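The following paragraphs lead the reader through one structure, beginning with the pairing of its strands and moving on to its nonpolar cores.

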Amino acid sequence: MARTLDEIAAEILAHKNEGCEFEPCVTCTNMVPGEGSPNAEIMFIGEAPGKNEDLQGRPFVGAAGKLLDRLIGSIGLNRQDVFIANVLKARPPGNRDPLPLEVEHNWPWLEEQIDVLDPKLIVLLGRHAMNRFLPNRRIGQDHGQARLLRGRVFLPVHHPAAALYTRALEQTLFDDFSQIPALLERVRQTPREELLARSVQDSLGEFGFDAEEGREIATRAPSPAEARANELPRGKEKDRERVTDDGAREGEPSGDGENSPQPAPDQLGLF
Ligand code: URA
């Protein structure tokens, strides 16, 4: 029988004392399982707990969390209406990036949280969360574009912490969030079988991993900065990333993320 979200959380909390070999599980103050409504239609997935989250055992309670609260408020909801989790359930020492093996170690919990919650929309906060599901995508170019993956709808957006360092990204985030109500309504009206049928299935049969790219289901026009980045000559991929990629968590440096998308009029017309 499927477990409840509370049962998964209890297992994550107990993991702190299980003598795990992975550094974050040992050095963290508290494991941070995630929290929110068991009936949430929207799930937000961040990278990993930061300092405040580690101290409180709750996700997104620092400065980035305050911005996330405002973003959630901008679509007429509050924290209690959604579910907020992270790829990693324990803070990496010094806020370093999660290591690939740490991401895999934490993956069964996140996968089970998604399965049990069964959200209509998963908002991926920043490149680390996005790359766990869409490994070849770039947040600077793909933010604000919903994707269908194995019957689920994902919306990658910049990490709120990136907007603390690059002010222009704050408006970009609000613009990307402004799509959510219409996108959610669209998903509500689309039968699961149709979402599944329209998804690209990955060869491993494993949710969103490996070669899976997802089918684009909503687009927006590229911003001037993105258009410039896309025009860079071959061999300048690093420069392209610098123009549009973001940082991840509070305390981390971010790219300049200089872009403010102009939403296309027919954002949801593709499925
Ligand atoms: N950044 C994250 O990715 N997750 C949190 O919980 C807090 C900050």
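In this predicted model, a bridge links Phe44 to its partner Ile84 in strand 3, and that bridge belongs to a parallel pairing in which strand 2 and strand 3 are joined by four bridges. Strand 2 also pairs with strand 4, again in the parallel sense and over four bridges, with Leu124 of strand 4 serving as the bridge partner of Ile45.

How are the residues of strand 2 arranged, and are they buried or exposed? Ile42, Phe44 and Gly46 point one way, whereas Met43 and Ile45 point the other way, and all of them are buried. In a regular strand, side chains alternate between the two faces of the sheet. Because five of the five residues of strand 2 are buried, the strand is largely enclosed by the rest of the structure.

Two of these residues lead into the largest nonpolar core, which has 32 residues and in which Met43, Ile45, Leu110, Leu124 and Phe133 are those with the most contacts. Two or more residues of this core are given by each of helix 1 (5–15), strand 2 (42–46), strand 3 (83–86), helix 5 (100–117), strand 4 (121–125) and helix 6 (126–133), and the largest share, six residues, comes from helix 5.

The surroundings of Leu110 illustrate this packing: neighbours within four places in sequence aside, Leu110 is in contact with Met43, Ile45, Ala85, Asn86, Val87, Lys89 and Phe133. Apart from this core lies another, of 31 residues, including Leu71, Ile75, Leu148 and Leu183. In soluble globular proteins, nonpolar side chains tend to be buried together.

Methods: Residues are numbered from 1 along each chain as its sequence is written. This is a predicted model: local features need pLDDT of at least 70, side-chain atom pairs count only at pLDDT 80 or more; totals for chains, interfaces and linings use all residues. Side-chain values use heavy atoms; hydrogens and water are left out. A nonpolar core is a set of buried Ala, Val, Leu, Ile, Met, Phe, Trp, Tyr and Cys residues joined through side-chain atoms within 4.5 Å. Buried means under 20% relative accessible area, exposed over 50%, partly exposed in between (1.4 Å probe, protein chains only). Contact means heavy atoms within 4.5 Å. Two strands pair if DSSP finds at least two bridges between them.
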